[in-house]
Structure formats: C-alpha cells, structure tokens
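Reader: Please take me through this model, and set each term that you apply against its criterion.

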Amino acid sequence: MTLLKRSNSASDLYVCKVLYRRDRLYSRRTKKPLTIVLGREARMESPLIPQEIREKTKYCFECGVCTASCPMAELLSPQYNPRSVLQQILEDPDRALKSEGLWLCAWCYKCYKRCPQGLKLPEILHTAKQEVAKRGFDASFEKAVSIIEKHIPFPILCWYTCFHPERTGIPNDKIVAMKEKLAGRPKKGKKPTNRQGRAAIIGSGPAGLTAACQLAERGYPVTLFEALPKIGGMLRKSMPAYRLPRKELDNEIQLLKDLGVEIRTSTEVGKDIKFDELWRCGYKVVFVAVGAHTSLKLGIEGEDLDGVIDALNFLWTAKESAKVDITERVGVIGGGNVAIDAARTALRHKAKEVVILYRRSLNEMTANPWEIGEAEKEGVRIEFQVAPKKILKKDGKVAGLECFRVELGELDETGRKRPVPIEGSEFSLQLGTVIVAIGERTETSFLPNEVERDRSNRILVNPVTMETSMTRVFAGGDAVTGPASVIEAILAGKRAAGFMEKYLNETGEREDAHLAS
Amino acid sequence: MPILPADPEITEEARIGVYVCHCGLNIAGTVNCEEVAEFAATLPHVVVAKDHRYTCSDQGQELIKNDIKNSDLNRIVVASCSPRLHELTFRKTCEEAGLNKYLFEMANIREHCSWVHHHDKEAATEKAKDLVRAAVAKATLLESEIETVVPINRKALVIGGGVAGIQAALDLADTGYKVFVVEKQPSIGGRMAQIDKTFPTMDCSICILAPKMSDVGHHPNIELYTNSEVQEVKGYIGNFTVKVLKKPRYITDECSACNDCSEACPIAAPNEFDVGLATRKAIFTPFAQAVPSTYIIDRDLCLNEEGIMTCDKCIEACERQAIDFDMKPETIELQVGTIVVATGAEVSDPTRFTNYGYTRYPNVITSLEFERLINAGGPSSGNLVRPSDMKIPKTVAFIQCVGSRSKKGNPYCSNVCCMNTVKDSLLIKEHWPDVKIYVFYLDMRAFGKGFEDLYRRAKEAGVMFIRGLPAEVVEDPKTHNLWVIGENTLQKEIYKINLDLVILSVGIEPCKDSDAIQRLFTLSRTSDGFFMEAHPKLKPVDAPTGGVFLAGCAESPKDIKDSVTQASAAAARAGILMAQGKVTVEAITPKPILENCRICGMCAQVCPYNAIVVDKEAKSVQVIDAACAGCGTCGAECQFEALHMRHFTDNQIRSQIDALTEEDADTKIIAFCCNWCAYAGADFAGVSRIQYPPNVRIIRTMCSGRVSSTFIEHAFARGAGAVLVAGCHPGDCHYIDANYQTQRRVERLWKKMARLDVDTDRLQLLWASAAEGERIATKIREMQSVLAKLKPEGVEKATKAFEGR
Ligand SMILES: Cc1cc2nc3c(=O)[nH]c(=O)nc-3n(C[C@H](O)[C@H](O)[C@H](O)COP(=O)(O)OP(=O)(O)OC[C@H]3O[C@@H](n4cnc5c(N)ncnc54)[C@H](O)[C@@H]3O)c2cc1C
Ligand code: SF4
Ligand code: SF4
Ligand code: SF4
Ligand code: SF4
Ligand code: SF4
C-alpha cells in the first residue's frame, strides 16, 4: 500500500485514486505522472491566449444571440459564426488563432448590444488578432480577405469603415498587398438591361448602393435618386476623409456607373419628384434607403443660439469647404463614432481645445476603442458621466455650457447603465461652439401613410424580405434601424434586392390599386 | 488606556486541570504530548496536568470527573481537537461533576496543529504548548454563567397568503396554535390562483387551491387580515409585537357577494388578477374563488369623494346596505411568538429587453398572461387567442430564460419556467393538436420528480425544442405575425421563423417590497435579492433572526410542491419552538457595566439585531438577551469597555494574546478567526491535511465583529510579528452584516498604522468560508514574506506606537 510517497498537498482522495490507477497514470518511459487533458478547463491553460480573454469567454452560454444578430454571419453564411469563433478561442485556442473567422468581424457591436452576458465580441476577437499578428499566422488573414472579396459588395469601403485590419499589427506590406488584391478584383461590367422591371432606389448610402449594384448586376434597369449633389450617403457626407479617403470612395462608386445604373443626384424625392410619381414613371418597386440624417435636439435652453451646430452638418461643411464656422474652444456632446469624428475634425480646423461630454462611462461607449484612443492622443478631452443643462449666452452667441454630473443607475433597455443626475453637481465650461452629436432620426414625411413607422420614425419592415407594410415598397439601412453601421446597411440592401426581384420579374398587368393612382 | 473592570465574580483562586489528548496517533504522531503536559504543569494555577490517549472516551471523561472531585479543580482545559467537535461533550462532563459548564476551555492542537504541521514535530510541539498556555490564561479568567430562559408566546404570524403562507398557516393552526395571516392583496391565493394547470401532474391549479383557501377562511384558529400590511415589528424570539395596518374595504360583513354593486358601478380599470387582459370595476371582487369572498372598493378609481360625493350608484344597488364609505384604516397590534415570512415573489418585466418587443408588439405575451388566456375562467374563456385579432394562433413559440441567467437580467435560474413551458406546450397540444409549437431554449431543466416524463410527453406530442435563444423578435408590419430570428446552435444554422404568437418565459424576481420586509424583521438577503436562510443546508427554513422562518418563493424561486414542502417545514420549526414554550439563550451575551458606560449609543448602532436599547435620557443601557445573538460587535465598538462580553471578555481575549506573545512574538502571526467561517475553515484545512507554516496562533471569537481594534493594537504592542483578522465573506456573515464593522475597523487601523509609520502589511484581513481551508493556508504562507522583511526596529516602532493598548 505504501508504495507511493504521499506528497504534502495531496488529499486522501487523490492518493486513493492514484493507487487505484497507478499503472495507467504513470508513464513507463519517464516515470512521471501522465495528465489527461479533459474538456475546457484543461485546455484553457494554453499560453497562446491572453488571460483577460480567457476570463471573458468563460461566461458565454452559447445562446447564439450574437451569431443571429451578426450581419457578417448572414452575408458570409455559413462561413462565419462569431459564437463558434469565440468558443474555439476558449476550447481550442491553437486552432482558433489560425482560423479566418477572427478576421471577419466588422465591428458593428450589434452582438455586444444583445449578448445576454454582455460580451464585447469585437474586442475579444481584436485581442486575438493582435496575438495572431505577433506570431505571424497571417495566412488566416489572407483567406479572410478572399472570402470578403467574394461575398461583400464594396469590400474596399468596408476595409476602411468596418474591418480595420491594419489596427491589429499585421505588417504594412501585407496590408498594402491585400488592399491591392481587393482593388484589382474582377468586376462585373455593364450588362445589357434585358429585363423588364425597373427599380427606383432612394438614397445612395451603403444600403442603396448595394441594392442598386445587386439588381444592376442581375440585369435590371435601376435608377438611384440622391438629394445631395454627389452619391455616397453618410460615407460621403459625414465620414471624415482621414478615415475614408475620397479617392477610394470615388473608385468604388465608379463600379455603379460601369454597371449602367442611372444616377440622379440633387433630386430629392418628395420635393423634386413626388413619391407617387415614381409609380407613374414605371418603376415596379421602390427601395427606401434614406438613412437617418436629422440630428436629434438636446431640448435644453439656448439650443437655437449662434454657435450651436449639429454634428452631421458640421462634418459635411468641413469636408466640402475648407472653412467652417467654429471657435477655438469647442464642446461636443455625445459618445458615438459621430461625436469622436466631429471632435477630431474640429481639431483639424480652427479649434484649439475640444472636449467631448458623454453621459455614461468609457465602458459604455460604442465608438471603436482606437478611435477613442487616437482622439485623446490628438488632444481631445473626454468628460464622462456629464450631461448638459443649458447653453450660456453672451451677445446672442454661445458663451459656454452649464453641465451636471450623473451617476450610472440600473441597466436600461440597451443593457447599459442609465444615467441619473447628481444634485448640486452643476459646473460650467467656457465654449464658443457646441456640436451636438446625440443621435439622428429619419425624415420620412415624403412617404405615403401606408408605409408604417414606429414612434421614433423608423420604417417598419419585414425583417426577412425588407418589405414595408406597403406592397412593393422596401426599406433598409439606418432608415429602418436608426443610426447603425455600414455593414448592416449593406446586408439590408442585399436582402432587399433578393426579394425585390420577385416583383421585377412579374409580367402582365399590375394588380395593385395604388399603382394606378 | 484600557479601563479594566473589576471582575466581581472571580473571587476564588483558580485551580486548573489540564488534559492533553493523544487522539491515538492523530496528535501524538506529531506533537510530543507528554512534553506538553509537563509544560502545562509549570503554568500558574495549574494543579493537575495529564496526557491521555483518548480524552473523549468514557475513561478520559471519568478521569476528568474524578480529578474535579479529588483535586478540587474549578477550571478544566482540554487540549485536543476542535471545540466545534467536542466542546459540548466536555462541557457535559464538567456539569456531571458539578462544575459550571462555562468554566471549561479547549485548546485545538489537532486541526490547528498536529494535522497541519506533519513535518515539523518540534515546531508543532512548541505551538501546542503556546495554545495550552493561552487556554490556561483564558481559563483562569473564566466565570460561571447561568443561561437565560425566555418564554415563547404560543401564537404565530404568517405574512403572505400565497400557497406557502396558506400551508404554513393551516399546519400551525391544525397543530393547535393561534395563527394570524396578513395578506397585502384583497384575497389570499397568491400566484397559484392565477395559474391554469400545474406541472408535473397537470392538476387544475385553483381546484386544488380553493379548498385550502376556504379552510384558511373558516379555521377557528386562524385570523385572516387581507388588504393589510405589517407596519412595525418589535421584540425578539418568542415575544414579538407586530403592528398591522388593516386598510378599509368599505364593505361590511353584510355583503353576500351578489355582484349588484359591481354591475352598477360606472368605472372600469384593468384587472390585476388577469394581468390587465380584462377589466374590473371600481367595486369588485378579485376573482370568483377569492377568500374572503366579499367585495372591495378601489378608492383610487371610485368617483365617490369624501364630503363631495359625485357617485353613489353602488350604495343604491346594494340591497343589504353593505357599503360603508366611512370605514377608516385600523392599526392592530398582535403578540406572537413565531413568524413565518411567505411573501412570495414577482415575475420579471420583459419590457426592458427591447429586442423581444414586449408591449411594442401585441402578439408577444408573457407566460403569466398565457396562464390567464388558457384558463377557462380567464378573459378569453380558455381560448388561446392572440391579442391583435383574437384568432387562435396556428404557430406559437416560447422563448426561455427571458430575464434569467444573464448579465442584463437576473443572474440566477428562475427554476420554474422550463417546466412551466413544457406544461403550457402540452396544454396547447391538448386543446389544439394542430398548432405548431417551438420552444427556444438555452438548457431545458427538468430535474424534479415526474418532470422528465412530462418533457418526454411534450416531445412525443411534437413540440419542437430548438437550442439557441432568439436574437430578436420583429413584427411583420402587414400581418402582425412575428419573425423570430436566432441561431440553432446545435445545427449551426440561423433560423427565421414566422409565428402567430410568441410567449416569453419570464423569470421570477424578489418582491419589490423585500427591502421593507428585510428591515422589519432584520433578515438578510443573498446577492440575488431573496431572503437568506440561517444555513443553506442544515437550517434551510430558519431565518438568521431567532423565531423567524421562511417559506416559498420569498426564499428562492421554486415550484408549488417545494413551496408547500418548505411551508410545512417552517410550520414544524415554529411549532417546535412553541411546543417547548421556552428557549435558553447561550450565556455569551453582553452585560453592561454602567460605571464605565457614557451612554454614547455606539453599541446599539452597530448591533445587527437591535438587541441593545440605549435610553439617553434615562441614562440606561439594556441588552435584550433573547434578541442578542452574541456576536460581540457591540463590545468591540464600545470605546469605554463598558460591555462585559460574557465568555469572550476583553480581559480573557487579552490574556490569550499575552500568552501567545510571551515568547518570540515577532516570529508569530496572531490570527483572530470567527467561529462560523474562518475558524471552521482552519478546521477544514486540518481535516484535509493542508500543510502550512506553524507560526500562526488562532484565537476564536464568535464573529470577526468581536475583534476590537484594541486587541490588534495590543498584539502589536506585545511585539507580534503580524495579525490576521479572518471572517465570513461579505454577505455570508452569521450575524447578518457584523463583518462590515470588522472591515471598517481594519481599514481604519490601516490608516492609523500608515500614519504611525507601521508597515500596514502586518495587519491582514481575509474573508474565507468554512470550506476554504486552502485559502486560509495560502494566506498564512503569503504572510511569511511580511515576517521575513520585518526588522527589529519595525517591531519596536509598533510596540512603542501602541504601547499601553
Ligand atoms: C407563470 C408561472 C407559472 C407557474 N406554473 C407552475 C406550475 O405549473 N407548477 C408549479 O409547481 N409551480 C408553478 N409556478 C410556481 C408557483 O407559482 C410558485 O411556486 C408558488 O406560487 C409560490 O408560492 P408562494 O406562496 O411562495 O408565493 P406567492 O404565490 O407569490 O404568494 C405570496 C403572497 O404574499 C403576498 N405578499 C407579498 N408581500 C407581502 C407583504 N409585504 N405583506 C403581506 N402580504 C404580502 C402576495 O400578495 C401574495 O399573495 C409558476 C409560476 C409562474 C410565474
Ligand atoms: S450572445 Fe453572448 S452568450 Fe450568447 S453565444 Fe454570443 S457571446 Fe455567447
Ligand atoms: S461586431 Fe458585428 S460583425 Fe462583429 S461579430 Fe459582432 S455582430 Fe458580427
Ligand atoms: S361609488 Fe365608486 S365604487 Fe360605487 S359605483 Fe360609484 S364609482 Fe363605483
Ligand atoms: S428554469 Fe429554464 S427557462 Fe427558467 S431560467 Fe432556468 S433554464 Fe431558464
Ligand atoms: S453581541 Fe451582537 S447581537 Fe448581541 S447585543 Fe452585541 S452586537 Fe447585538
């Protein structure tokens, strides 16, 4: 019985077990105990994955909510499944680090907003990618790029706005090579428009562009209506040039022209052409992709003063004209990507001091972590848990901002902590310009009443077909979801295009009453 | 300067007998017991010192008894195993020999010494000597005590008239005790009254509950207060005084429940019982089987305003003239001996999970709404109709774990929703076999008796169970059908399913007024928000407050069977107390020393049980022995040493510190461990033979809250190398929250040490449960480095800084 020397820390149970199984647990060759690697816990010891990630991934229940929310999962189906990528990181990190799945996340944060366990998938995947870059397993990156090339319309646009591979530490030459590969991908040329049904697409953001492109590729005549003088939607209007070079945008949009899409810029539906007229012009289906462009108001005193500007307009003028009307001290209110863009753009103009005021904490911000980091590096100051109370005035102009501090209370419907004002915490800031970036709404007054909208003016659609409550009218992008992401808009365009075909292929008389009107 | 109270009771000279136990080889294998006994003989007041192979055996006990008689011993010290194991045994031995049981002390040289220092026999023997020295020092100061006996009032209060409250009340009443039932709502019945059928037997819920409800209504031993709330609770185990606010119903006993008034009433509002799916009038009865079966007027809705009177339709309609608008709220005072808390739980509100669209989409309903819809007595007469068009749905889905098991909802599993869904799906299949049913789940939990069988039946009936929760529910704007989109995680496929009706399986949450109940009865709650039991395994229905018991969902989410089981258990526990008619309270409660007391009231402020009454005007301090649990927090808080904590007095503890620091103090760790967690954890380390350095000396207190800053300072003044204070994890404290005081004191002392330039690492605080032996051992190992870097100047500095403490 006492063949085995008992170690100091071994419990009786352990000793019994070892005695019982001695023959099998000891290696004949090394005479050392053999360890059996069982399931998750054991595997987690892999040194490849940093501790912080291991900790987080443990709490995933594999409910599948992330995958079902993920636009990339649908666009690439079945090649991408964020849930199983995450699980692989936990269970088999060696393989996970070599899988292309890591590279397919488009940073839309939709999964994070819904994950019952509050896991920030894009950031977990990002840390894993950095690990990959360090070790030089970039074959997986190449594979991911070829998947993206095949399945994602406008891959270069997405490169800049969604994937950001250069952030992971992949060597620069590889990045350049891959980007060139994408730019040089075989493109479909102009097709003879041999099919009958014509489609009208309102709005030329990523959703509209995608739908137009998809239908044109299949040979349908498509007209794209755009209120602004140039197409591109939010990408053109508000995305700062340092994030998306204009040249790249123009190049990608050239594709549309090559496909023979009729582009009618400076044409606002509802004003320059009535919605109902579209039917009379012979369009069989309409896709509404007008985005969300009306900035929300703060609803506080002094909002109409000279010096208060909405972030979208500010970004637009900053891009179009070299001169913008701001002062040296600027305050930006909001915590999303638009707020960060506005702050960084302001610094690139006249502003010397820029402060962002955000109601919640860093953890709740949905701007990409590096955007926040770079903004801070450039000198933008971010004040967390602060809300504006009123805008102070002097000589009819903005002189400052009175704010109060807030505490974070219970979780609200977005799963983030609800800010509650702290009494007596008021303080003021001296500012000449206040940029408001607290969100946007869709302007839909041009639509007929049959198209149902919700209380926030978002258009209600069938989530599978993207058809609205009015037959033959489809909608997608920010106009349906509220301010969201490029990749979700692209998915919406793709989904809608598929189901619009049904009407476009119809022959014979139009049966719908409203078409005649 | 410490104010040393005269110890009036120690008049006789101490004559101590010390018995060092070998415990076979358990102790003697490591510790040289003969040497320890010889050492003990040299200690002051020790008259007899012997070692014995098995002291707890009959022979060993006889030896002690004979010595008490023959050598005229008046204090006994046994150095053997943990007092948690054999203190009672030896106390009885003493009593049998005519010695007061409080004149006995134990030194733990097995769990805390021989078992954990296998490889250093010499150090283990030295440690055993130290522990005996401390025990003898304390024994010298021990006093005989008489335990208080408290009478118990043979009446019980049950709050909450759900199935748990009903069962507890009936059991107690049938045993013959008078029971008062207080229910907040106009009728008893609780959640079970709303449910259609019950799993796993598929019995009709109200059919089995209604007879019990009416028993409560008619039982001669039960007095029922509905529409009433407990306002104030005073007193202690056996002697509670409870104030109940009885709100007026505005209907007299004349009411024959004819419904004439209700028909006449012009005002209608959503009906709570039907979760808002139907309406009721301002004058109403909650449901057909309500007990008491009388009506009630909702004055928030009623148009009849005092003095103005714009409506009196019901008065006109009532032939029996049972309506009386002049009724006023009454406060009733009840005297009871025991209390059963059965306040139940609430269902969680899924509105905040916006991706499921509850309240935005009419055809998304909760499982409780479903119960009312499928119930023959419900608003749709048992037809499962969907709210948008009142048609019977053809496809239905259940979404599980809504609000449970997540970071955004409640972290725990709600226990009943899985089986509830299985039951609901079978109910649908029973009535409409063609309806297609999907259940989207994370895990199906069917653990109870008969549950798996029911689950299998549902599968046989064709219910589709799909693993993977929906990411969103979106309404089709054309049809009001719902698209449910999620991932089938077993197939690794996205599903997008079009459904007529979606039912959210909502979880169970603590009642909103749990806070108030907690304060009224000085209960504790777990991090989940449910009431905490005195011990999760061995006292699962006792509340930490004596005389209070828990039953039903108030304690944790559970099904009807478990609620009833627990209610009967609570009734039995309360019954035992009342049958005995009295309780003895261990004599470890404080006695105020009025000469020292400055009536500052600090003790009363920190007492978790409100057991001290300080009257500043009358300049009196009174400890209510029956309410006091003996944690000693008050004693530690008192600046003037005006509380004599019996059996754990300041002087006794100081004498232990003195004894342990007599030699080589700077190489030692003095550890104060609470009886329930840390001390027990160290015992567990012994049982598991977890080895750790032998330079730690453990002093036992009931609660870490007993550890006064002056004890720690005293240890440093005596040159101790390091001090460890160890107690239960926050929230697990056996004295509600006394360990928060510990934390506060230690933190304050850290600051003071920093100010006096004493290395703060020398004082450590540890939370460890009774199962965390390894955690304690690790801490002791870690603390070696603190001792290693300790310099003689450092020790001296601390000695100086705390001199005289
Ligand atoms: C939708 C649903 C379906 C279910 N189906 C089943 C099933 O089929 N089978 C099964 O076994 N279990 C089922 N359950 C679980 C079952 O309902 C509970 O186990 C049971 O009701 C618990 O009884 P209780 O007395 O603890 O609480 P409750 O029934 O909630 O009763 C508590 C009572 O206390 C009262 N109260 C609260 N606070 C106070 C106060 N401060 N003062 C006075 N009174 C107060 C309340 O008004 C209430 O009447 C289901 C639960 C839900 C939500
Ligand atoms: S949503 Fe969250 S919990 Fe669910 S599978 Fe994805 S990461 Fe895991
Ligand atoms: S951030 Fe967006 S793209 Fe990335 S995994 Fe989440 S849902 Fe998918
Ligand atoms: S007096 Fe009040 S309760 Fe009576 S009928 Fe009028 S509104 Fe209804
Ligand atoms: S009982 Fe089932 S549905 Fe309810 S929380 Fe637990 S696992 Fe989820
Ligand atoms: S010993 Fe504890 S319970 Fe007793 S009076 Fe003091 S603080 Fe209160």
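Author: The following exchange treats a helix, a sheet, a ligand shell and an interface in turn. This is a predicted model, in which local features need pLDDT of at least 70 and side-chain atom pairs count only at pLDDT 80 or more, while totals for chains, interfaces and linings use all residues. Residues are numbered from 1 along each chain as written, chains are lettered from A and ligands numbered from 1 in the order written, and side-chain values use heavy atoms, without hydrogens and water.

Reader: Why is helix α18 of chain A called mostly covered?

Author: Buried means under 20% relative accessible area, with exposed over 50% and partly exposed in between (1.4 Å probe, protein chains only). In α18(A), residues 311–320, seven of the ten residues are buried, among them A:F314, A:L315 and A:W316. Helices are DSSP runs of H or I with at least four residues, and strands are runs of E with at least two, numbered from the N terminus.

Reader: What makes A:D310 a cap of α18(A)?

Author: A side-chain oxygen of A:D310 lies 3.2 Å from the backbone nitrogen of A:L312, at the N-terminal end of α18(A). A polar contact is a pair of N or O atoms within 3.5 Å, where within protein one must be able to donate a hydrogen and the other to accept it; residues adjacent in sequence count only if both atoms are side-chain atoms.

Reader: How do you know that β25(B) pairs with β24(B) and with β26(B)?

Author: Two strands pair if DSSP finds at least two bridges between them. Five bridges join β24(B) to β25(B), and seven join β25(B) to β26(B); both pairings are therefore established, and each is antiparallel. B:L482 stands opposite B:E475 and has B:L499 as its bridge partner in β26(B). Seven of the seven residues of β25(B) are buried.

Reader: What makes a residue part of the shell around ligand 5?

Author: A residue is near a molecule or strand if one of its heavy atoms lies within 4 Å of it. Ligand 5 is surrounded by residues including B:Q400, B:R405, B:C417 and B:D443. β21 and α11 of chain B each supply at least two residues of this shell.

Reader: How do you know that chains A and B touch, and how much area do they bury?

Author: Contact means heavy atoms within 4.5 Å, and 31 residues of chain B are in contact with 36 residues of chain A. Buried area is the accessible area (1.4 Å probe) that two parts lose on being put together, summed over both. The two chains bury about 2,800 Å² between them, 54% of it on carbon and sulfur atoms. In chain B, B:K408, B:P477 and B:K478 lose the most area to chain A, together 23% of what that side buries.
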